[in-house]
Amino acid sequence: MEQENAYWQSNIRLILTCLVIWFVVSFGCGILFVEELNEFRLGGYKLGFWFAQQGSIYTFVGLVFWYAVQMNKLDKKHNVEEE
């Protein structure tokens, strides 16, 4: 039972980390800090605009892959990996 609780606590911590990163990138960079980021350009576009339109999507896709890799490591650590 203690092993299961440790596994799920690690899983929830990983999910919360992903959500915080995604929130900071999508809401923070796309809305809150857009004026400061718009002073820089990426590919000819203002950086704040780019984060609002593309950056949060790229971050989400990257987080999905990162989460999958981290979950595989967590599964192996707790001996619950799929065969």
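Which residues does threonine 59 touch, not counting residues up to four places away in sequence? In this predicted model, the answer is Ile21 and Val25. Let's use threonine 59 as a starting point and look around from there.

**Threonine 59 and its helix**

Threonine 59 is part of helix α3. Its relative accessibility is 18%, and because buried means under 20%, threonine 59 counts as buried. Its side chain also reaches back to the backbone oxygen of glycine 55, at 2.7 Å. A general rule helps here: an α-helix has 3.6 residues a turn, so residues three or four places apart point the same way.

Threonine 59 has company. The buried residues of α3 are Leu47, Gly48, Phe51, Gly55, Ser56, Thr59, Leu63, Met71, Leu74 and Asp75. They pack against α1 (2–32), α2 (34–37), β1 (41–42) and β2 (45–46).

Now look from the other side, at α1. Its buried residues are Tyr7, Ser10, Asn11, Leu14, Cys18, Val25, Gly28, Cys29 and Gly30. You have already met Val25, one of the residues that threonine 59 touches. The cover over the buried residues of α1 includes α2 and α3.

**A helix with a kink**

Helix α3 runs over residues 47–77, which makes 31 residues. A straight helix of this kind would reach 45 Å at 1.5 Å a residue, but the end C-alpha atoms of α3 are only 39 Å apart. Follow the helix with your eye and look for a bend: α3 has a kink of about 50°, centred on glutamine 54.

What is the sign of phi at asparagine 79, in the segment after α3? Phi is positive there, near 55°, in a residue other than glycine. For background, most residues other than glycine have a negative phi. Asparagine 79 counts as exposed because its relative accessibility is 63%.

**Aromatic rings**

How many aromatic pairs does the structure hold? There are 6. A pair of aromatic rings is described by the distance of the centres and the angle of the planes. Here are two of the pairs in this structure:

| Pair | Distance of centres | Angle of planes | Kind |
|---|---|---|---|
| Tryptophan 22 and phenylalanine 60 | 4.7 Å | 35° | tilted |
| Tryptophan 50 and tyrosine 58 | 5.9 Å | 40° | tilted |

Why does the pair of tryptophan 22 and phenylalanine 60 tie together parts that are 38 residues apart in sequence? Because tryptophan 22 lies in helix α1, while phenylalanine 60 lies in helix α3. Tryptophan 22 is partly exposed, with a relative accessible area of 33%, and phenylalanine 60 is partly exposed too, at 39%.

In the other pair of the table, tyrosine 58 is exposed, with a relative accessible area of 52%. Tyr58 also belongs to an aromatic cluster, which it forms with Trp50 and Phe51. Phe51 is among the buried residues of α3, so this cluster includes a buried residue and an exposed one, since buried means under 20% relative accessible area and exposed over 50%.

**From α2 to the end of α3**

One last stop is glutamate 35, which lies in helix α2. Is glutamate 35 buried or exposed? It counts as exposed, because its relative accessibility is 59%. Between the C-alpha atoms of glutamate 35 and lysine 76 there are 44 Å, and these two residues are 41 residues apart along the chain.

Terms used
Residues are numbered from 1 along each chain as its sequence is written. This is a predicted model: local features need pLDDT of at least 70, side-chain atom pairs count only at pLDDT 80 or more; totals for chains, interfaces and linings use all residues. Side-chain values use heavy atoms; hydrogens and water are left out. Helices (H or I, at least four residues) and strands (E, at least two) are DSSP runs, numbered from the N terminus. The expected span of a helix is 1.5 Å times one less than its number of residues. The bend at a residue is the angle between axes fitted to the seven residues ending there and the seven starting there. Buried means under 20% relative accessible area, exposed over 50%, partly exposed in between (1.4 Å probe, protein chains only). Contact means heavy atoms within 4.5 Å. Rings of Phe, Tyr and Trp (its six-membered ring) pair if their centres lie within 6.5 Å; planes under 30 degrees apart count as stacked, over 60 as edge-to-face and the rest as tilted. A polar contact is a pair of N or O atoms within 3.5 Å; within protein, one must be able to donate a hydrogen and the other to accept it, and residues adjacent in sequence count only if both atoms are side-chain atoms.
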